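Colleague: Could you take me through this model? I should like to begin with the ligand contacts.

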Amino acid sequence: MEFSIKSFESIPSLLTAKSGCIAVGVYEDKTLSQAASVLDAGGGISAALASGDIGGKAGSTLLLRGVAGVGAHRVLLVGLGPVGEVTEAGFDLALAATLAAFGTLGCADGVVALPCDQVKGRTAAWAVARTVELARRLRYRRDTHKSKRDPSPAGVQEIAILAPNVKANRAALTQASAVADGVELARTLADRAPNLCTPAYLAQVAQRLGKAHGFEVEVLERGQLADLNMNCFLAVANGSDEPPKFIVLKHMAGRLKDAPVVLVGKGVTFDSGGISLKPAAGMDEMKYDMGGAAAVLGVFRALGELRPKQNVIGVIACCENMPSGRATKPGDIVTSMSGLTIEVLNSDAEGRLILCDALTYVERYKPAAVVDIATLTGACVVALGHHNSGLFTRADAEHDELAQELLDAGRQASDGVWRLPVEAAYAEQLKSNFADLANIGSPGGGASVAAAFLENFTKNYVWAHLDTAGTAWKTGADKGATGRPVPLLVQFLLNRS
Ligand code: BES
Ligand code: MN
Ligand code: ZN
């Protein structure tokens, strides 16, 4: 899909544009947005409003053809809600309705001429980025493996966005397109069936990304992981016939002396629970347990396109969690790469076992900050639902600062996070009679207990943990990967560059 920006100075040219469809806003009291009044030169739009066919409720639409004095074949009137009070939610509704209508049209190009500088609390750049994001999300298809693909019209392939300040907004467009590419990669990987999306497949994808964008990519194999003493990671991987892959990607476009930001992704390509087997219902969804890894790969795709002058390292620990004669049993004790011994009381709490060794491994980079991304706990879904990812850090000044950066980036990118505690009280739950730590605690506060487990392995740098169990995919009719938190992470990195 192609996007371009048109300037406000060219509003009058909307009248003569030979576009397939121009979408313009109308308000609840039947007043017209600026673009709508331009197209109303022949009175066609006022007449449609007077007919009562559209009331201006946010997200309502009315398609007009052959509007007097307008060169475009179609004009789509889109409701924006009350005049002077275009909210973010109202704009989103209008945008979604516009793009849905564009998708069903038999024309190749369209203009989104909604008042993107009128959204309360948001800039025009946000609205431009939002347009790209929603258009690309809507176009995403999950039918690669279906014998018969959807026969409905291809819809609008080229979208021009009318915006003030072309130059500034063109930067927003470039960023949004790169983020959309990253989101699309993350979704494609996470949606991919677990027999196809194996650790080896993810390693291949990383290597291809590296070739395409000139990143250094390194893949550590089982033997190397054993030499490194990554026994917790291997304790999870050992139950499966699929070999584990520990993947490192490096985007080093900053100064040599700049400490890198390190992203660590959980890449469990299927989480059966292991010997602590999960119930059958919904187990297929555990193919999404590599959502953290998918997000890191998505971020690197966006970095490859945007090439910000900064140092970013991505580390993804990939394996399957399966029951077998070689699988870790409840009660097994393993020594982590850090030296701490872990009593594995539940083989389904595998994410923290994989991450703890990855978090120790990344110490070698002397990172400016480490952010891990993991579909870690069902408890986080209970706490925050599908709206926000969980954000966990220590509570000292430098961690508060990192937490604030992530909160701000989430808000900017409309990819929210909400902060939850990591405190000594949660760590208490992890005491074991037989080892330094147990891998599960007593019931209650499970998302914070998991974070408290990870905290033991992050003493030597500034660290934040994102639990994306509720945000990485959706269930129900709209079941599938979301690509979150790629938008948040890219924004966070760009804010630092
Ligand atoms: N991958 C799951 C977490 C998960 C559960 C994500 C549901 C999305 C939806 C993780 O490995 C897991 O199984 N966690 C356990 C931990 C428990 C055994 C302490 C959980 O949350 O039930
Ligand atoms: Mn699990
Ligand atoms: Zn898991």
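Colleague: Which atom of ligand 1 is 2.8 Å from the side chain of D348?
Modeller: An oxygen atom of ligand 1 lies 2.8 Å from an N or O atom in the D348 side chain. A polar contact here is a pair of N or O atoms within 3.5 Å; within protein, one must be able to donate a hydrogen and the other to accept it, and residues adjacent in sequence count only if both atoms are side-chain atoms.

Colleague: How much of ligand 1 does the protein cover?
Modeller: The protein covers 77% of the 520 Å² of accessible area that ligand 1 has on its own. Accessible areas come from the Shrake-Rupley method with a 1.4 Å probe, and for residues only the protein chains shown count as cover.

Colleague: Before we go on, what are the ground rules?
Modeller: This is a predicted model, in which local features need pLDDT of at least 70 and side-chain atom pairs count only at pLDDT 80 or more, while totals for chains, interfaces and linings use all residues. Residues are numbered from 1 along each chain as its sequence is written, chains are lettered from A and ligands numbered from 1 in the order in which they are written, and side-chain values use heavy atoms, with hydrogens and water left out.

Colleague: Which other side chains have polar atoms by ligand 1?
Modeller: A polar side-chain atom of D271 is 2.9 Å from an oxygen atom of ligand 1, and for K266 the distance from a side-chain N or O atom to an oxygen of ligand 1 is 3.3 Å.

Colleague: How many residues surround ligand 1?
Modeller: There are 16, the closest being K278, D289, D348, E350 and G378; a residue counts if one of its heavy atoms lies within 4 Å.

Colleague: Now the metals. What coordinates the manganese ion (ligand 2)?
Modeller: The manganese ion (ligand 2) is coordinated by D271 (OD), D348 (O), D348 (OD) and E350 (OE), at 2.1 to 2.2 Å. Donors are N, O and S atoms within 2.8 Å of the metal (3.2 Å for Na, K and Ca); water is not among the atoms, so sites may look incomplete.

Colleague: And which protein residues serve the zinc ion (ligand 3)?
Modeller: K266 (NZ), D271 (OD), D289 (OD) and E350 (OE) are its protein donors, at 2.0 to 2.4 Å. D271 also bridges to the manganese ion (ligand 2), 3.1 Å from the zinc ion (ligand 3).

Colleague: Why is the zinc ion (ligand 3) arrangement octahedral?
Modeller: The 6 donor atoms around the zinc ion (ligand 3) subtend angles of 78 to 175 degrees, which makes the arrangement octahedral. Six donors count as octahedral if opposite donors are over 155 degrees apart and all others between 65 and 115; four count as square planar on those limits, or as tetrahedral if all angles lie between 85 and 135 degrees, and anything else is irregular. The manganese ion (ligand 2) site, with 6 donor atoms and angles of 70 to 166 degrees, is irregular.

Colleague: Are D271 and D348 buried or exposed?
Modeller: D271 is buried at 3% relative accessibility, whereas D348 is partly exposed at 21%. Buried means under 20% relative accessible area, exposed over 50%, and partly exposed in between (1.4 Å probe, protein chains only).

Colleague: What does the T375 side chain contact?
Modeller: The T375 side chain makes a polar contact of 2.4 Å with the side chain of D289. T375 is buried, at 6%, and D289 and E350 are both buried as well.

Colleague: Changing topic, where is the cis peptide bond?
Modeller: The cis bond joins R484 and P485, with omega about 0 degrees.
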